[in-house]
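Colleague: Got a minute? I'm new to this one and would like a quick tour.
Modeller: Sure, let me put it up.

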Amino acid sequence: MNIKKALVCLIFTLFLATASSVQAAGTNSRYFVKSTSQFWKKSFQVRNVFDSGFTSDLSDWQLKLAKVFGVEVTPVKKLNILITTLSVKKTVAKPFIKNPVNQIGWGVKAIYGDTLNETAPSGGDGVNVAILDTGVLINHPDLKNQITACDDFSGFEAFIKNSCDDKNGHGTLVAGVIAGNAGPAGKGIYGVAPKADLMIYKVCANNDACFADDIASAIYYAVDNDANIILLSLGSDSESAFIDDAIAYATSKDVLVIGAAGNDGPYMGSIDYPASNINVVSVGAIDGTFTVPDWSARGNNTASDSYIKDTDDIEFSAPGMNIESTANNSDYATLSGTSVAAAHIAGLAAKEWQTDAEHPAEATRELLHQFSQDILPLGDDNASGWGMPQL
């Protein structure tokens with residue numbers, strides 16, 4: 001291109017980049033620009049940078065301009081948090097916070113089995129669990145002492161430090177399942193590993209939509225900031241190269257990635273991505289009778305080798321029906337879905353983290369296999385995989 005044409009293009013694109021700043025980050029305007037050119041980075045508002053290009057929220061005019069100049073652009077995939085039902089109690093005036101119906105929920109009791117007896121749940125000391133979700137209520141009395149990071153990848157700006165306010169409620173609830181510590185008065189709710197440290201990364205907007213590039217960037221960030229476990233209670237029907245690469249990076253750094261299988265059952269192969277990824281510990285749900293509900297997604301276990309996690313397999317099942325936990329109004333809520341099932345497994349992994357092993361993530365995953373109690377039908381099945389890990 002000649003210099004005059006380039007200058008005209010730059011002026012127009014800079015103008016359009018400014019004009020597009022009024023667009024909300026949660027619209028369908030997110031694209032991957034396959035170029036490492038500084039010209040295009042300066043012309044478009046860069047969001048996340050990857051090896052072969054960058055993502056940006058583009059206006060229609062910017063899209064047309066990119067096509068005119070032969071710049072390859074592709075839409076960035078969207079995922080969603082995984083939820084079937086969420087019931088939040090009516091907010092009460094502070095500081096009068098209601099107590100939970102049960103301080104130790106049936107799901108936590110099921111994971112602990114006969115080892116709990118009259119004692120409270122414990123463990124998770126020094127283990128970093130990164131929750132990539134809708135954020136968290138950082139001042140919830142049952143959580144605030146466990147939160148060590150609070151950052152936002154989902155807003156108009158690509159990254160906002162010390163900001164993770166949860167206007168949705170989903171992230172706060174899964175956090176309580178993992179590490180609720182009953183609060184300073186000891187009357188709140190307990191999670192599976194109440195001593196675990198929670199790294200909260202808001203990757204989903206308040207309407208529950210999550211862009212793949214934000215999720216991938218948060219995974220890289222979590223790994224580089226010493227996460228031991230990453231929980232992804234979100235999903236989609238299609239894969240993302242961004243997330244695949246980030247998960248591979250996490251695995252190479254000995255980080256255990258746990259994903260919710262999804263709520264699209266009961267059909268074989270209905271498991272959502274990224275739980276379907278071979279490197280992700282995929283978790284389906286069971287109810288209080290230790291039965292897999294129809295809505296819990298199924299894997300392809302019967303089409304692969306038994307007791308070997310393959311792509312599209314369910315690995316474990318865990319409590320996922322009517323789970324009470326921390327809510328984003330300082331009260332408590334009840335949720336059903338594989339999101340909370342995966343949170344139970346993340347909590348157990350934190351409690352039993354094999355710190356002294358040469359490869360702690362691999363050793364912890366194998367220990368979960370050893371802990372698993374078979375859920376009918378017998379064997380490594382599409383609905384429950386190895387079964388439910390239980391102490």
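Colleague: Let me start small: in E3, what is the bridge partner of arginine 30?
Modeller: Aspartate 57 is the partner of arginine 30 there. Before we go on, this is a predicted model, where local features need pLDDT of at least 70, side-chain atom pairs count only at pLDDT 80 or more, and totals for chains, interfaces and linings use all residues. Residues are numbered from 1 along each chain as its sequence is written, and side-chain values use heavy atoms, with hydrogens and water left out.

Colleague: And labels like E3, where do they come from?
Modeller: They are DSSP runs numbered from the N terminus: helices (H or I) have at least four residues and strands (E) at least two.

Colleague: How many bridges join E1 to E3, then?
Modeller: There are 4 bridges between strand E1 (residues 30-33) and strand E3 (residues 53-57), and the two run antiparallel. Two strands count as paired if DSSP finds at least two bridges between them.

Colleague: What sheet do those strands sit in?
Modeller: An open one of 4 strands, ordered E2-E3-E1-E4, with antiparallel pairing. At its edges are strand E2 (46-50) and strand E4 (73-75), each pairing on one side only. On average, neighbouring strands in this sheet are turned by 25° against each other, ignoring direction. For that angle, axes are lines fitted to C-alpha atoms (for helices, over the stretch in contact), and angles run from 0 to 180 degrees between N-to-C directions.

Colleague: What about the sheet with E14, which order do its strands take?
Modeller: That open sheet has 7 strands in the order E8-E9-E7-E11-E13-E14-E15, and the pairing is parallel. Its edge strands are E8 and strand E15 (316-319), each with pairing on one side only.

Colleague: Is E14 mostly covered or mostly open?
Modeller: Mostly covered: 7 of the 7 residues in strand E14 (residues 280-286) are buried, meaning under 20% relative accessible area, while exposed is over 50% and partly exposed is in between (1.4 Å probe, protein chains only). One face of E14 has Val280, Ser282, Gly284 and Ile286, the other Val281, Val283 and Ala285, and both are covered.

Colleague: Which residue in E14 is the bridge partner of glycine 259?
Modeller: Serine 282. Strand E13 (residues 256-260) and E14 run parallel and are joined by 4 bridges. E14 also has 4 bridges to E15, again parallel, and there glycine 284 stands opposite serine 317.

Colleague: New topic: at what angle do H5 and H8 pack?
Modeller: About 35°, with the axes of helix H5 (residues 170-179) and helix H8 (residues 338-351) 8 Å apart. On the H5 side, His170, Leu173, Val174, Val177 and Ile178 meet Ser339, Val340, Ala343, His344, Ala346 and Gly347 of H8; contact means heavy atoms within 4.5 Å.

Colleague: Now the loops: where is methionine 321?
Modeller: Methionine 321 is in the loop between E15 and strand E16 (323-326). Its relative accessibility is 22%, so it counts as partly exposed. Beyond its neighbours within four places in sequence, its contacts include Trp106, Ile286 and Leu335. Leucine 335 is 14 residues away from methionine 321 in sequence, with 7.0 Å between the C-alpha atoms.

Colleague: What is unusual about phi in asparagine 322?
Modeller: Phi is positive there, about 50°, although asparagine 322 is not a glycine. Asparagine 322 is in the loop between E15 and E16 and is partly exposed at 47% relative accessible area. Aspartate 226 also has a positive phi, near 75°; it is in the loop between helix H6 (212-224) and E11, and at 57% relative accessibility it counts as exposed.

Colleague: Which peptide bond before proline 274 is cis?
Modeller: The one from tyrosine 273, with omega near 15°; proline 274 is in the loop between E13 and E14. The bond from leucine 376 to proline 377 is cis too, with omega near 5°.

Colleague: Last one: is serine 154 buried or exposed?
Modeller: Buried, because its relative accessibility is 11%. Serine 154 is in the loop between strand E8 (147-152) and H5.
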